[in-house]
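Welcome! Open your viewer, keep the selection tool handy, and let's take a short walk through this structure together.

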Amino acid sequence: MPFDKQLQQAVLAELGWDPSVTAAHIGVSANAGVVTLSGHVETYAEKQAAETAARRVRGVKAVAEEIQVELPFERIRGDDDIAAAAIERLAWDTSVPADAVTVKVEQGWVTLTGSVTWYYQKEAAAQDVARLHGVVGLSNQVVVKPSETGSDITDKIRIALRRSWLLDDQNVIVRADGGHIHLTGTVGSAHEKQMARATAWAAPGATAITNDLAIL
């Protein structure tokens, strides 16, 4: 389809524009707005950057990410070394509460567990580890357990969405069941859908997000 070909070329161009991605090693296909990324990269952080770049392209409804991390010999690290580096990095990050996150490493794959009071703390822990040498994958199982649940969480999220010039908040419906936030309605791109999710996660008392926003 002509649209799929145009979308494929647009994603390839965006990957080539991003200096943190080696676009020559990544393949792109598109089918009805669903973009599949394949190929290989040298770091897990680059794998994340490629997916983020693809989601920025208008017309992308979803990203199927099949990129493999193939570490160069000089970047291969033992699991013990990766775990020690991850623990040290987390200890230095003021965004992550002390001793809140536990690290497990198996064949370069890092699993984070524990609990924090804010979603940004969970994300900070993942970003700390994702950039370490030797990491080939990451499973962030840290649980968000807020100290209190705001009774007006829905209104707070709506106001926050209204502040964003990239989002039309009139098309986004927010419902809250305790700390579980449900987003429905429509947005214009996968990037906007991701932004709406991030905005909802920033609300005090948010413990889970169901993002059912449709992309037009």
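## A stroll past salt bridges and helices

Start by selecting arginine 55 and glutamate 51: both sit in helix 2, four residues apart, which is about one turn of the helix. Keep in mind as you look that this is a predicted model. The two residues form a salt bridge, with their closest N and O atoms 3.0 Å apart. Arginine 55 is partly exposed at a relative accessible area of 21%, and glutamate 51 is partly exposed too, at 23%.

Next, stay in helix 2 and pick lysine 47, adding glutamate 65 from strand 3; the pair ties together parts 18 residues apart in sequence. Their side chains meet in a salt bridge (3.5 Å, N to O). Lysine 47 counts as buried, at 15% relative accessibility, while glutamate 65 is partly exposed, at 26%.

Now select arginine 56 and aspartate 18, whose side chains meet in a salt bridge (3.4 Å, N to O). Arginine 56 lies in the loop between helix 2 and strand 3, and aspartate 18 in the loop between helix 1 and strand 1, 38 residues apart. Add Glu14 to the selection: Glu14, Asp18 and Arg56 are linked in a network of salt bridges. The model has six salt bridges in total.

For the last stop, show helix 5 (residues 153-163) and helix 6 (residues 190-201), whose axes come within 9 Å and cross at roughly 135°. That angle makes helix 5 oblique to helix 6. Which residues make the contact? Highlight Ile157, Ala160 and Leu161 of helix 5, and Ala196, Thr199 and Ala200 of helix 6. Five of these contact residues are nonpolar, one is polar and none is charged.

Notes. Residues are numbered from 1 along each chain as its sequence is written. This is a predicted model: local features need pLDDT of at least 70, side-chain atom pairs count only at pLDDT 80 or more; totals for chains, interfaces and linings use all residues. Side-chain values use heavy atoms; hydrogens and water are left out. Axes are lines fitted to C-alpha atoms, for helices over the stretch in contact, and angles run from 0 to 180 degrees between N-to-C directions. Helices (H or I, at least four residues) and strands (E, at least two) are DSSP runs, numbered from the N terminus. Angles under 35 degrees count as roughly parallel, over 145 as roughly antiparallel, 65 to 115 as roughly perpendicular and the rest as oblique. Contact means heavy atoms within 4.5 Å. Ala, Val, Leu, Ile, Met, Phe, Trp, Tyr, Cys and Pro count as nonpolar, Asp, Glu, Lys and Arg as charged, and the others, Gly among them, as polar. A salt bridge is a side-chain nitrogen of Lys or Arg within 4 Å of a carboxyl oxygen of Asp or Glu. Buried means under 20% relative accessible area, exposed over 50%, partly exposed in between (1.4 Å probe, protein chains only).
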